[in-house]
Amino acid sequence: FAHGGGAEELMLFTLAYGLYSVTNAMHQNRLLTFWESFLNGLFAAMVLLIKFTAMGFYIGLVLFVIFWYLSRNGQWKPLLATAGQFILGAGAIILPVLLYFGIHHAIDDLFTVYFYNNLFLYPQETDGTRLELIIRCLQSTLSYNDSYAPWIYLGAALFALELRTHWRDAVMVLLSFVGLAAGTYWGGRGYTYYGLILAGFAVYGIIAIARLLQVGRFTEVLQRFLRKTPWVP
């Protein structure tokens, strides 16, 4: 891929679990269980301490969960319970780390080296607006990584075709993808290996193929698309 042994490889399963757990709960018409919320918090803390630029994924996912819960008759109490469970999971990872650095009187060093230096001293591109830089990096890394980029495009096409019936899934994926892309490419640099963190979204392209292979499904989707397309005679 590129160099190997990257942080992105270590984080892929955590992001995949976030997408799976929320999707699974939605499709079963239930709220997140304690363990689903706890594990998502635990995995989010792992991502925070491995490579914090990927936290954009969890920002998008959390925003969706807030919207999803409140759209279910304004369920504030379950939302607060889920938030507490998420924080509890995050604390299980973060507190021992803070304790270790605290014992060694090195919390200032932790924040300086890991957060401050990476946020303010890491070289950044300035040729263009922030949005232009992010889009440019996203385009270049997806074009480099053709082992999974086509599946991401195919998944996007599936959501476009079935937006009416799967709009919640589409909103969840869009928010988490945009958050992840923004965090990953905020500095305006699109190294080849950066794109690997996006590979988890390729699963939706595989789902698209599986759905189209269902008996009569391809014809049904194509006909629905054509009926909505004004330029088709």
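## Reading the angles

Angles over 145 degrees between helix axes count as roughly antiparallel. That cut-off is handy for this predicted model, where helix α3 packs against helix α8 and also against helix α4.

## α3 against α4

Helix α3 spans residues 56-71, and helix α4 covers residues 76-103. Their axes lie 9 Å apart and make an angle of about 155 degrees, so α3 and α4 are roughly antiparallel to each other. The crossing of this pair is right-handed.

Which residues of α3 meet α4? They are Val 62, Val 65, Ile 66, Tyr 69 and Leu 70, and across from them α4 contributes Trp 76, Pro 78, Leu 79, Thr 82 and Phe 86. Sorted by class, this contact has 9 nonpolar residues, 1 polar residue and no charged ones.

## α3 against α8

Now for the other partner. Helix α8 runs over residues 167-185 and packs with α3 at an angle of about 150 degrees, with the two axes 6 Å apart. The helices α3 and α8 are therefore roughly antiparallel to each other, and they cross in a right-handed sense.

On the α3 side, the contact is made by Gly 56, Phe 57, Gly 60, Leu 61, Leu 63, Phe 64 and Phe 67. Facing them in α8 are Trp 167, Arg 168, Val 171, Met 172, Leu 175, Ser 176, Gly 179 and Leu 180. By class, the contact between α3 and α8 holds 10 nonpolar, 4 polar and 1 charged residues.

Notes. Residues numbered from 1 in each chain as written. Predicted model: local features only at pLDDT ≥ 70, side-chain atom pairs only at ≥ 80, totals over all residues. Heavy atoms only, no water. Axes fitted to C-alpha atoms, helices over the stretch in contact; angles between N-to-C directions. Helix = DSSP H or I, 4+ residues; strand = E, 2+ residues; numbered from the N terminus. Parallel < 35°, antiparallel > 145°, perpendicular 65-115°, else oblique. Left-handed = near helix turned anticlockwise from the far one by under 90°. Contact = heavy atoms within 4.5 Å. Nonpolar A, V, L, I, M, F, W, Y, C, P; charged D, E, K, R; others polar.
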